[in-house]
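Okay, everyone, let's get going. Today I'd like to talk about charged side chains and who pairs with whom. Have a look at this one.

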Amino acid sequence: MKKTICVLMLLCITLLTACGSDETKNKVPKASPKPTETARHTAEPVPTPTLLLPISSPTTFTFCSGVGAWSTTVELNKDGTFSGHFSDANAGETGEGYIATVYLCDFAGNFSDIKKVDTYSYSMTLSDLTTTEKSDTEKIEEEVRYVYTTPYGLEGGEEILLFLPGIPIEDLPEAFLNWYPGDREYITSPEGELNCYGLYNVAQEQGFFSEV
């Protein structure tokens with residue numbers, strides 16, 4: 001009898017062990033939690049601040065030779081924008097219905113890509129230039145023939161240099177200095193430096209000067 005009880009107990013233990021083993025095999029393992037994705041932030045490029053010209057705004061520049069009744073004036077602002085006027089009066093240029101001819105141009109524009117070259121000079125690009133009247137149109141009023149043209153001194157230019165007071169005269173292009181209409185000593189300080197502002201059309205080798 002005791003042997004029978006022991007056999008039955010062993011049989012029960014074996015069955016219980018087998019069931020536990022099957023449950024373990026059939027149990028679906030829990031999925032590991034997905035790692036939280038960190039939001040990616042793309043750094044936006046910081047815009048480069050626009051370089052301003054170190055001048056009083058506006059500063060007036062004049063281009064003339066001192067010979068003949070012509071001149072071009074430019075009023076330049078710190079941000080590179082400008083406006084101006086060109087005129088050239090010719091009393092001897094006459095014709096039917098007029099006793100003199102005047103060439104005129106009112107204009108405006110913008111210098112962009114302003115860069116500091118060194119302590120006393122800046123480089124700019126003539127990126128925009130518009131005229132009030134269409135070039136080569138004309139009219140006659142009160143016996144004077146008015147011909148609208150392009151702004152002499154800026155036309156044909158691309159790179160424009162701004163010279164600041166203090167630059168040694170010997171460092172300036174001779175072609176620029178030759179456009180000063182008076183004696184060069186008036187724009188030269190006792191230290192041999194430029195005592196006014198200057199604009200230089202590099203391609204056309206033409207120079208503008210501010211008042212001393």
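Let's start with E138: its relative accessibility is 46%, so E138 counts as partly exposed. Keep in mind that this is a predicted model.

So which residue does E138 meet in a salt bridge? The partner is R145, and the N to O distance between the two side chains is 3.0 Å. Now, R145 sits differently: with 14% relative accessibility, R145 is buried, because the cut-off for buried is under 20%.

R145 has another partner as well. There's a salt bridge between R145 and E93, where the closest N and O atoms are 3.3 Å apart. Where do these two lie along the chain? R145 is in strand β7, which covers residues 144–148, while E93 belongs to the loop between β3 (81–90) and β4 (100–118). That makes them 52 residues apart in sequence, so this pair ties together separate parts of the chain. And E93 itself? Its relative accessible area is 27%, which means E93 is partly exposed.

Put those together and you get a network of salt bridges linking E93, E138 and R145.

Okay, on to another pair. K115 forms a salt bridge with D113, and here the closest N and O atoms are 3.7 Å apart. Are these two buried or partly exposed? K115 is partly exposed, at 47% relative accessible area, and D113 is partly exposed too, at 45%.

Last thing: how many salt bridges does a search of the whole structure find? Five, and the ones I've gone through are among them.

Terms used:
Residues are numbered from 1 along each chain as its sequence is written. This is a predicted model: local features need pLDDT of at least 70, side-chain atom pairs count only at pLDDT 80 or more; totals for chains, interfaces and linings use all residues. Side-chain values use heavy atoms; hydrogens and water are left out. A salt bridge is a side-chain nitrogen of Lys or Arg within 4 Å of a carboxyl oxygen of Asp or Glu. Helices (H or I, at least four residues) and strands (E, at least two) are DSSP runs, numbered from the N terminus. Buried means under 20% relative accessible area, exposed over 50%, partly exposed in between (1.4 Å probe, protein chains only).
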